[in-house]
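Student: I have just opened this entry and would like to go through how its parts pack. Could we start with the helices?

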Amino acid sequence: MAEAHQAVAFQFTVTPEGIDLQLSRHALKEIYLSGIRSWKKKCNRIKNNFMTGVYPASPSSWIFVVLTVVGTMYTRVDPSMGLIAMLREHIPLRRYMSHHGQSMVSAMLFATGLWLALIFVMRQILKTLLSYHGWMFEEHGKVSSTTKVWFTLVKIFSGRKPMLYSFQNSLPRLPVPPVQDTLRRFLESVRPLMNDEDFRRTKALAKDFERNLAPRLQWYLILKSWWASNYVSDWWEEYVYLQGREPIMVNSNYYAMDFLYVTPTTSQAARAGNLVHALLLYRRRLAREQVQPLLIRGVVPMCSNQYENIFNTSRIPGVASDRLQHQADSKHVMVYHKGRYFKVWLYQGGRLQSPSELQKQFQYILDDASIPQPGEKYLAALTAGKRIPWAKVRKSYFSSGKNKTAMDSVEKAAFFVTLDEDTPELFVDNQVKSLDQYAKSLLHGKCYDRWFDKSFTFIVFANGKVGLNAEHSWADAPIIGHLWEYALATDTFQLGYKEDGNCKGDPAPNVPLPQRLQWDIPKECQEVIMSSLKVAQTLANDVDFYAFPFTRFGKGVIKKCRTSPDAFIQIALQLANYRDKGTFCLTYESSMTRLFREGRTETVRSCTVETCNFVTALDGKKHSNEECLNLFRIAAKNHQHISRLAMSGCGIDRHLFCLYVVSKYLGVSSPFLQEVLSEPWCLSTSQTPIQQIELFDLVNHPEYISIGGGFGPVADDGYGVSYIIVGDHLINFHISCKVSSPLTDAHRFGENISQAMLDIITLFNLDGKKA
């Protein structure tokens with residue numbers, strides 16, 4: 001095979017005259033260029049680590065401090081108050097230096113120490129400033145003098161031209177809330193879900209917990225918060241994600257969609273070439289820390305820790321717990337097509353391959369008529385099934401020989417690519433059917449054509465439509481969203497396509513061909529693969545999906561109501577759920593805690609007493625529009641307040657979760673914590689934010705934006721709802737539930753959401769159509 005010859009730098013034969021070496025000049029050149037590229041990356045990494053380590057200062061500020069100290073010495077002023085003279089007496093090899101040389105070296109050492117001390121002071125001041133969150137609780141458009149001064153000070157101490165990780169050492173740690181405050185907020189959140197008797201019982205359990213066990217658990221938690229960067233995140237990753245033994249397909253992984261109305265090209269290979277190149281450009285920007293850290297209101301930094309594992313990362317199964325495996329670099333992507341696995345090289349001549357060169361490789365795979373090897377076609381079903389069988393099979397059959405070599409190629413790839421045979425047609429006049437199937441294809445596919453353990457699988461359909469399926473343990477959806485926005489914008493507005501739909505430019509003549517992976521999968525392993533496939537197919541077939549664009553009105557009309565668009569939608573979801581089931585339920589809205597170091601998420605319990613009061617008043621039709629409107633405003637204001645509490649580290653659920661983990665470590669039992677953590681979230685919701693609005697023109701071209709993404713149902717009798725607010729006139733919803741539940745129907749719930757949105761907006765005498 002041709003790729004086998006490209007994998008070695010020389011060949012040799014043994015003759016009577018000795019060993020005859022046949023060196024390959026081309027292969028040796030590739031090895032040399034690869035080494036140069038590797039050293040460049042190492043140098044860039046050292047430089048970036050230094051720049052981040054001294055931030056908010058810069059190397060030029062060190063020169064300024066040195067020149068200032070040396071300059072004052074010539075004015076016969078000692079800025080060190082004797083320290084320079086003391087250093088001069090202890091300089092190694094000073095007997096080989098002149099008196100002037102000793103003074104200069106001592107001054108530079110003192111200046112360097114002073115510079116490092118100033119960096120430490122500036123960083124501590126910035127960390128203290130960022131611990132203030134009062135600005136979040138002020139009314140929109142009304143900024144106090146205190147907050148104005150605070151914003152100014154943050155700007156001053158934030159330095160200039162920050163890199164991706166520049167603020168990491170200046171972010172405050174997530175605080176541990178007082179137990180009394182957490183329990184009070186918890187009881188407020190469950191009040192509308194319980195009758196008087198159940199509430200009295202729960203309140204008694206909470207009081208007993210607060211008085212007896214909580215102080216002991218809280219002490220350990222505070223100790224951890226002092227020692228660890230974040231008292232929640234490592235336990236959240238380990239116990240919520242990595243120790244889960246059920247399938248991660250549908251239950252944990254989520255997806256992101258393509259443009260709705262636009263497909264830049266119908267060529268599968270060309271779209272794959274452009275977008276793989278765009279994704280690798282993003283990876284290069286990450287490696288160079290050229291991705292700008294996200295700043296709220298252009299001032300307040302958010303944690304960038306989760307970006308580290310976007311690429312070159314795979315979840316490795318274990319019997320008791322999985323683990324994340326991250327490579328510093330990867331020179332290939334893994335491609336799946338018609339049951340075969342191909343290794344596609346990303347570099348040529350020491351440079352990243354162009355889109356046209358990648359297109360050539362993908363087209364080679366599409367044209368390849370070879371058939372799958374025994375067990376190869378359904379192999380990825382192992383990643384879709386339960387974790388324990390997958391862990392045992394991986395250890396037994398993929399830990400040596402050619403299977404280990406092939407498995408390493410998959411797990412150490414930059415990411416996974418699926419060249420799908422399906423052609424999702426997103427017809428505007430038939431979006432109900434087309435979007436639902438498109439969503440299900442991205443969420444689970446055929447259960448064997450996505451590698452669900454990779455950080456993300458990039459999916460390219462036969463008609464040029466694309467999407468992502470992302471593993472959840474390593475990061476949350478906004479991180480993938482940031483990557484996806486950049487990739488789609490780069491694909492469409494920067495790289496572009498020729499008139500015939502192919503990638504721009506011409507490929508080099510010596511582009512390396514994809515390398516087919518070789519497997520030796522015994523029948524015993526194939527039986528486990530088929531068993532995992534059956535489990536995955538049962539799970540996938542039980543998913544009911546309804547994805548639709550809500551076009552009657554959008555953020556523009558909601559803002560005229562002088563309320564938060566997110567609060568508006570969350571209240572509409574409560575109204576829709578009440579009409580769907582006739583009752584209220586425990587509701588999960590995902591919020592972020594990335595204002596703190598290594599922060600991830602917190603729960604906003606959006607089913608509140610205030611929201612329930614509004615819903616029952618509006619649906620009871622016994623209150624006037626003015627009374628309902630007043631109740632809505634109270635509910636919206638309260639929702640904004642609890643959302644801000646969650647963002648500022650004063651949430652409920654992560655604190656209770658960590659107290660529960662400590663109780664397990666101590667071997668003590670808490671009936672209160674066990675009851676709290678066993679309650680199902682029958683309505684799980686999440687907003688997908690648009691983070692790089694500057695990449696798109698939503699006014700003139702609102703069609704050029706991803707229609708968001710979604711996830712599977714969290715509870716057996718519940719709904720999963722994801723939504724994205726696109727510009728001022730469009731909101732896209734993604735709704736999931738289980739077919740097997742007699743209580744849920746995704747399409748019915750979607751209709752209820754649309755009607756709830758319209759019913760609420762009419763209270764304001766606004767018509768979405770007119771707006």
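Tutor: Helix 8 and helix 9 are oblique to each other, because their axes cross at roughly 60° and oblique covers whatever is not under 35 degrees (roughly parallel), over 145 (roughly antiparallel) or 65 to 115 (roughly perpendicular). This is a predicted model, where local features need pLDDT of at least 70, side-chain atom pairs count only at pLDDT 80 or more, and totals for chains, interfaces and linings use all residues. Residues are numbered from 1 along each chain as its sequence is written, and side-chain values use heavy atoms, leaving out hydrogens and water.

Student: Within what distance do the axes of helix 8 and helix 9 come?

Tutor: Within 5 Å, for helix 8 (residues 196–211) and helix 9 (residues 214–227). Axes are lines fitted to C-alpha atoms, for helices over the stretch in contact, and angles run from 0 to 180 degrees between N-to-C directions. Helices are DSSP runs of H or I with at least four residues, strands are runs of E with at least two, and both are numbered from the N terminus.

Student: Which residues make the contact?

Tutor: Phe209, Glu210 and Arg211 of helix 8 meet Ala214, Pro215 and Leu217 of helix 9, contact meaning heavy atoms within 4.5 Å.

Student: New topic: what is the strand order in the open sheet?

Tutor: The eight strands run 15-9-8-12-13-14-3-20, with mixed pairing; two strands pair if DSSP finds at least two bridges between them. Strand 15 (515–516) and strand 20 (709–711) are the edges, each pairing on one side only.

Student: And which helix packs on the sheet, touching strand 14?

Tutor: Helix 11 (residues 268–287), which also touches strand 12 (416–419) and strand 13 (456–460). The direction of helix 11 makes about 150° with that of strand 13.
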